[in-house]
Amino acid sequence: MKDNYIIGIIGAGNMGEALIRGLLRSQLVRSYEIIASARRRSRLVRLEKTYGIHTTRSNKEVMNSTDTVILAVKPQNMDDLLKEIRSFANNGHLMISIAAGVDVKKLRRGLGSKPKLIRVMPNLPAVVDQGVSAIFCGPRIQERYRRFAHQIFQAVGTTVDVREERLMDVITGLSGTGPAYIFAMMEAMTAAGKKLGLTPKLANALTQQTVYGAAELASQGEDPKELRLRVTSKKGTTWAAMKVFKQKKFWNLVSDAIGAATKRSRQLRRLRD
Ligand SMILES: NC(=O)c1ccc[n+]([C@@H]2O[C@H](COP(=O)([O-])OP(=O)(O)OC[C@H]3O[C@@H](n4cnc5c(N)ncnc54)[C@H](OP(=O)(O)O)[C@@H]3O)[C@@H](O)[C@H]2O)c1
């Protein structure tokens with residue numbers, strides 16, 4: 001067992017940094033218990049200065065000084081990385097990959113039979129501790145490792161368990177890609193407000209707080225459909241707007257978009273296989 005550091009992060013970019021920040025804020029680990037790597041020295045210097053963690057350009061150092069390693073490089077960099085670290089991976093390692101479209105089969109092939117593997121699909125709001133991370137553990141993963149993975153990702157939001165790996169493509173299409181759907185909706189709302197005479201600043205402020213407030217309200221547990229129906233009085237303003245949503249098949253549009261993202265996730269996974 002290696003106890004120099006509690007958590008290692010290989011590929012400390014946007015997501016890796018969000019995890020570092022969240023882990024420190026949640027006090028799950030202390031700064032001297034994190035080791036992180038990236039390629040650019042300037043990035044590592046900044047991470048050290050900002051968070052007081054240890055950084056290195058050597059992935060071998062990360063592998064050899066901690067048992068829990070989060071792989072946070074881009075999917076297209078994963079092949080090279082797996083080749084590079086394979087010989088350092090041993091029975092004591094818990095390797096957690098957050099790379100989109102890189103499945104456990106590929107990780108297993110790349111890292112060999114020794115390490116324990118967990119796959120996670122986080123999403124962008126993790127950078128403000130409001131992410132949702134879907135966690136897939138293979139059948140042989142012991143409960144304590146599953147719980148540890150949840151603890152790590154709870155530092156940047158909420159977590160859910162996924163029992164079947166094939167659902168990770170759907171999750172990529174729904175929550176992994178999801179923030180962009182909301183951004184597109186916000187973009188469209190702001191543009192409409194401007195077109196109808198609001199200043200850009202006002203349209204933006206109204207849109208932002210409306211989305212934030214609606215999300216907060218829906219997060220109290222009530223069905224969004226119920227909430228929508230409650231504010232839709234016959235011949236009222238919401239009714240007029242929803243009539244257009246129905247005519248233009250808004251629900252089909254969203255469903256098709258999520259379907260397309262899911263399909264693309266599957267395609268990319270097969271291409272990377
Ligand atoms: N961003 C999202 O919304 C999101 C959502 C779900 C899942 N993910 C997954 O999260 C992962 C990271 O995404 P990201 O947005 O954080 O990407 P990113 O900002 O580009 O971070 C990737 C980091 O990996 C480093 N890197 C590349 N090759 C390396 C190597 N061989 N050894 C060590 N470090 C290496 C890069 O270092 P340099 O910068 O120094 O080159 C960079 O800092 C991706 O696999 C993505 O699929 C992201």
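In this predicted model, strand β5 (residues 94–97), helix α5 (residues 104–111) and strand β6 make up a β-α-β unit, and the unit is right-handed. The two strands of this unit also pair up with each other: β5 and β6 run parallel, joined by 4 bridges. Pick out S97, and its bridge partner in β6 turns out to be R119.

β6 has a partner in strand β7 (residues 131–137) too, but here the pairing is antiparallel, again over 4 bridges. In this pairing, V120 sits opposite I135 of β7.

So much for the neighbours; now for β6 itself, which covers residues 116–121. Is the strand mostly covered or mostly open? It is mostly covered, with 6 of its 6 residues buried. Its side chains split into two sets: K116, I118 and V120 point one way, while L117, R119 and M121 point the other way. Both sets are buried, and that goes for K116 and R119 as well as for I118 and L117.

Next comes the ligand. There are 28 residues around the ligand, and the ones that come nearest are G11, G13, M15, R40 and A99. Two elements, α1 (14–25) and α4 (78–85), each give two or more residues to this shell. The top contributor is α1, which supplies 3 residues. As for chemical character, the shell around the ligand breaks down into 14 nonpolar, 9 polar and 5 charged residues.

Conventions: Residues numbered from 1 in each chain as written. Predicted model: local features only at pLDDT ≥ 70, side-chain atom pairs only at ≥ 80, totals over all residues. Buried ≥ 20, exposed ≤ 12 C-beta atoms within 10 Å, placed from the backbone. Pairing = 2+ DSSP bridges. Right-handed = clockwise from strand over helix to strand, strands pointing away. Near = placed C-beta within 6 Å. Nonpolar A, V, L, I, M, F, W, Y, C, P; charged D, E, K, R; others polar.
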